[in-house]
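I sat down with this entry and a fresh page, hoping to work out how its pieces fit together. Here are my notes, in the order in which I looked things up.

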Protein chains: 2
Amino acid sequence: MANPSTSRLPREIAPRSLPATAWAVLGLLSFGRDLTGYDLKKWADSSLRFFYWSPAISQIYGELRRLESLGYVESWAAPQDELRNKRLYRITPLGRDALTTWVRDSPVEPPVLKHGVALRVWLGHLADPGALRGIVAAHREYAAQMLDEVSAARRTAGQNAEWTYPELVERWGERYWAAERDLADAMLRDLEELG
Amino acid sequence: MANPSTSRLPREIAPRSLPATAWAVLGLLSFGRDLTGYDLKKWADSSLRFFYWSPAISQIYGELRRLESLGYVESWAAPQDELRNKRLYRITPLGRDALTTWVRDSPVEPPVLKHGVALRVWLGHLADPGALRGIVAAHREYAAQMLDEVSAARRTAGQNAEWTYPELVERWGERYWAAERDLADAMLRDLEELG
DNA sequence: GGGAGCATGTAACGGGTTACATGATTGG
DNA sequence: CCAATCATGTAACCCGTTACATGCTCCC
């Protein structure tokens with residue numbers, strides 16, 4: 001049996017590496033604005049979701065608390081209106097350093113691809129051909145709409161130097177969703193050829 | 001206060017809908033072969049992962065137990081060699097029906113996109129331009145390799161009618177990874193234009 | 001009056017991963 | 001002899017979601 005007094009290692013000093021979501025939230029704050037959790041959720045919905053994903057609001061609040069406990073963000077109460085307060089968050093120099101290190105050094109996780117439409121086509125031997133084409137056609141429209149939305153987001157975004165990289169990623173997002181739409185079209189043609 | 005005797009509804013009879021992973025595992029079995037958990041993991045690694053993803057082996061074993069408790073699969077011990085047994089699984093008619101219903105009726109989850117490379121480029125204001133290009137270039141190679149692997153898988157796959165739909169999805173996978181590679185190239189060009 | 005938006009959080013749950021444990025066989 | 005492969009499973013843990021709770025303001 002292990003000696004109980006030695007079997008437990010002291011809590012490691014080096015900061016445990018955070019989930020990518022935490023870095024994404026900190027990343028939103030790295031553009032320099034003071035924001036509430038609610039603000040962050042809206043911003044994630046209108047930008048992050050096109051190439052990453054938008055966490056649930058409850059998770060954002062949780063990550064903000066964790067980031068604050070690590071000293072990566074600071075917060076204070078600010079008047080929302082006469083009666084209520086809201087909590088504004090700002091990135092700290094320590095947080096900026098940690099995020100910079102993460103961007104530079106952390107191994108890049110391979111992109112997650114979990115394509116429910118492909119999964120269903122793969123099981124085509126169990127489906128009615130018409131219904132299958134319907135599923136793919138619906139996905140085609142979904143991709144087309146994502147393309148519309150990311151294009152709209154790009155047009156309304158600022159053009160200053162500060163937004164160079166987000167703009168570049170939005171361009172990438174447009175191409176991505178256009179490709180996704182074209183891929184759906186090609187799959188529809190393949191399905192129709194089956195008769 | 002709610003009356004404790006009525007505040008709790010009776011356990012619903014209708015089968016709770018399973019996570020997509022369970023349907024994917026059942027889907028592997030729907031091609032009609034008797035397989036072990038280990039076999040299923042290998043097959044997932046060589047086909048599912050190109051368009052969905054390959055669950056951990058421990059999860060496959062767990063899902064198999066759940067599917068068996070629902071009557072969707074049956075299993076029996078078979079001799080692996082003189083000393084050991086392995087457990088073979090087969091889909092049941094009930095399981096086939098349930099899977100068919102799922103393919104037909106379940107709402108299709110929008111494809112998950114969680115692109116770590118795009119996230120890092122989006123934070124480009126914190127990175128050294130050369131390092132950023134390095135990240136994208138590595139991703140370009142990753143996509144190219146996925147393309148190679150899915151092409152190889154398609155060439156070695158059976159050509160009979162049974163494999164029509166898997167083959168179609170593999171074709172889709174080839175196009176997908178080719179597009180991903182081209183998207184990385186385009187992003188590299190955009191990054192280089194920044195100077 | 002009611003619904004949408006603003007704003008913050010807790011609790012329960014499920015999905016999925018890694019690490020661990022075990023042990024035989026095959027091939028270099 | 002050692003590593004890889006075959007084969008099955010448990011336990012701990014974390015990530016993330018949904019559902020729930022609260023309450024104000026603005027606008028129709």
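The entries below go from the pairing of the protein chains to the two DNA strands.

**Entry 1: symmetry**

I note at the outset that this is a predicted model. I began by laying chain B on chain A: a rotation of 180° does it, with 0.0 Å of shift along the axis and an RMSD of 0.0 Å. That is how a two-fold axis relates its copies. Which residue of chain B comes closest to the rotation axis? I found Leu113(B), whose C-alpha is at 3.1 Å. I also checked whose surface is used, and both copies use the same one, since 100% of the contact residues of chain B recur in chain A.

**Entry 2: the protein interface**

Next I looked up the extent of the pairing. Interface size is often quoted as the accessible area lost when the parts come together. Here the area buried between chain B and chain A is about 6,400 Å², and carbon and sulfur atoms give 74% of that. Each side brings its share of residues to the contact: 61 from chain B and 61 from chain A. In chain B, the residues that lose the most area to chain A are Arg120(B), Trp122(B) and Tyr165(B), together 14% of what that side buries.

I then turned to the polar side of this interface. I count 15 residue pairs in polar contact between chain B and chain A, and six salt bridges across the interface. I looked up one bridge in detail: the side chains of Glu109(A) and Arg120(B) meet at 2.8 Å, N to O. My friend Arg120(B) thus turns up again, having been listed among those that lose the most area.

Which elements of chain B carry the side that touches chain A? Those giving two or more residues are helix 2 (20-29), helix 5 (93-105), strand 3 (112-114), helix 6 (116-122), helix 7 (129-156) and helix 8 (164-193). Helix 8 of chain B gives the most, with 17 residues. By class, I get 42 nonpolar, eleven polar and eight charged residues on that side.

**Entry 3: DNA strand D**

I moved on to DNA strand D, which 25 residues surround. The closest are Thr21(A), Trp53(A), Gln59(A), Tyr38(B) and Arg87(B). Of the strand D atoms that come within 4 Å of the protein, 70% belong to sugar and phosphate.

I looked for contacts to bases too. The side chain of Ser58(A) has an N or O atom 3.1 Å from a base oxygen of strand D, and the side chain of Arg84(A) has one 2.9 Å from a base nitrogen. On the backbone of the strand, a phosphate oxygen is 3.0 Å from an N or O atom in the side chain of Tyr61(B). Helix 4 (57-69) of chain A gives two or more residues to this surface, as do helix 3 (37-46), helix 4 (57-69) and strand 2 (85-91) of chain B.

**Entry 4: DNA strand C**

Last, I looked at DNA strand C, with 25 residues around it. Tyr38(A), Arg87(A), Trp53(B), Gln59(B) and Arg84(B) are the closest. Sugar and phosphate make up 71% of its atoms within 4 Å of the protein.

Three phosphate contacts went into my notes. A polar backbone atom of Arg87(A) is 2.8 Å from a phosphate oxygen, the side chain of Arg65(A) comes to 3.2 Å, and that of Arg66(B) to 3.5 Å. By class, the surface near strand C has eight nonpolar, seven polar and ten charged residues.

Terms used: Residues are numbered from 1 along each chain as its sequence is written. Chains are lettered from A and ligands numbered from 1 in the order in which they are written. This is a predicted model: local features need pLDDT of at least 70, side-chain atom pairs count only at pLDDT 80 or more; totals for chains, interfaces and linings use all residues. Side-chain values use heavy atoms; hydrogens and water are left out. Copies are superposed by least squares on the C-alpha atoms of residues with pLDDT of at least 70 in both. Contact means heavy atoms within 4.5 Å. A residue is near a molecule or strand if one of its heavy atoms lies within 4 Å of it. A polar contact is a pair of N or O atoms within 3.5 Å; within protein, one must be able to donate a hydrogen and the other to accept it, and residues adjacent in sequence count only if both atoms are side-chain atoms. Helices (H or I, at least four residues) and strands (E, at least two) are DSSP runs, numbered from the N terminus. Buried area is the accessible area (1.4 Å probe) that two parts lose on being put together, summed over both. A salt bridge is a side-chain nitrogen of Lys or Arg within 4 Å of a carboxyl oxygen of Asp or Glu. Ala, Val, Leu, Ile, Met, Phe, Trp, Tyr, Cys and Pro count as nonpolar, Asp, Glu, Lys and Arg as charged, and the others, Gly among them, as polar.
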